[in-house]
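Here are a few exercises to try with the structure open beside you. Work through each task on your own before you read the solution.

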Amino acid sequence: MIWLSGQIDVEAGDDTASQTAGALAKIDALLQAAGVTKDSVCFAQVLLDDIGDFQAMNEVYGAWVESMEVKPARAAFEAGALPAGAKVEIVVQAIDSN
C-alpha cells in the first residue's frame, strides 16, 4: 500500500483548476518515486475550500483518470481552511501489485 499525504499546489495559480492540475502533477511525481503510476491508485479523497468549485476540479481530475482502465474510488467534499490557503487538496492511496 502506498499512502500519499494531501497534496496542494498554491503556486500553480489562484484558481481551482490550476491548483488541481498542480496537485495531480505532484501526485504523479510521488507515485513515480514509489515505483508505480497513477494506474495503481485505488482511492482519492478531494478536499475543496468551496464545494461550488467541484465542477472546475472535476474537469481536471476527469482528464487525469480518463486513460485509466479502472478508475479509483473517490470522495470529494468541502473542508474549510485548507493549508496555505489552498483551494484543493488531494489525498490518494495506491496498491503496488508488482
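**Exercise 1.** Work out whether Tyr 61 counts as buried or exposed in this predicted model.

*Solution.* Start with the number: the relative accessibility of Tyr 61 is 4%. Next, recall the cut-off, which is that buried means under 20%. Tyr 61 therefore counts as buried.

**Exercise 2.** Find the aromatic pair in the structure and decide how its rings are arranged.

*Solution.* Step one: how many aromatic pairs should you look for? There's one. Step two: its members are Tyr 61 and Trp 64, with ring centres 5.9 Å apart. Step three: check the angle between the ring planes, which is 45 degrees. Planes under 30 degrees apart would be stacked and over 60 would be edge-to-face, so this pair is tilted.

Now place the two residues. Both sit in helix H2, which covers residues 54–65. They're three residues apart, and that's about one turn of the helix. Trp 64 is buried too, at 8% relative accessible area.

**Exercise 3.** Describe the surroundings of Lys 71, starting with where it lies.

*Solution.* First, locate it: Lys 71 is in the loop between H2 and strand E3 (73–78). Second, look at its exposure: a relative accessible area of 44% makes Lys 71 partly exposed. Third, follow the side chain. It reaches the backbone oxygen of Met 68 at 2.7 Å and the backbone oxygen of Glu 66 at 3.3 Å. Fourth, list the contacts, leaving aside neighbours within four places in sequence: Lys 71 touches Val 65 and Glu 66. Finally, compare sequence with space: Lys 71 and Cys 42 are 29 residues apart along the chain, yet their C-alpha atoms are 7.5 Å apart.

**Exercise 4.** Which residues does Gln 93 touch, not counting residues up to four places away in sequence?

*Solution.* Begin with the setting: Gln 93 belongs to strand E4 (residues 88–94) and is buried, with 18% relative accessible area. Then collect its contacts. They are Met 1, Ile 2 and Trp 3, plus Ser 40, Val 41, Cys 42 and Phe 43.

**Exercise 5.** Take Met 1 from that list and find the surface patch it helps to form.

*Solution.* Met 1 comes in the segment before strand E1 (2–7). Its relative accessible area is 58%, so Met 1 is exposed. Together with Trp 3 and Ile 95, Met 1 makes a nonpolar patch on the surface. The three residues add up to about 380 Å² of accessible area.

Definitions and conventions. Residues numbered from 1 in each chain as written. Predicted model: local features only at pLDDT ≥ 70, side-chain atom pairs only at ≥ 80, totals over all residues. Heavy atoms only, no water. Patch = residues over 30% accessible without salt bridge, like charges linked within 9 Å, V, L, I, M, F, W, Y side chains within 5 Å. Areas by Shrake-Rupley, 256 points an atom, 1.4 Å probe, with all protein chains shown as cover. Salt bridge = Lys/Arg side-chain N within 4 Å of Asp/Glu carboxyl O. Helix = DSSP H or I, 4+ residues; strand = E, 2+ residues; numbered from the N terminus. Buried < 20%, exposed > 50% of the residue type's maximum accessible area, 1.4 Å probe, protein only. Phe/Tyr/Trp six-rings, centres within 6.5 Å; stacked < 30°, edge-to-face > 60°. Contact = heavy atoms within 4.5 Å. Polar contact = N/O pair within 3.5 Å; in protein donor to acceptor, adjacent residues only side chain to side chain.
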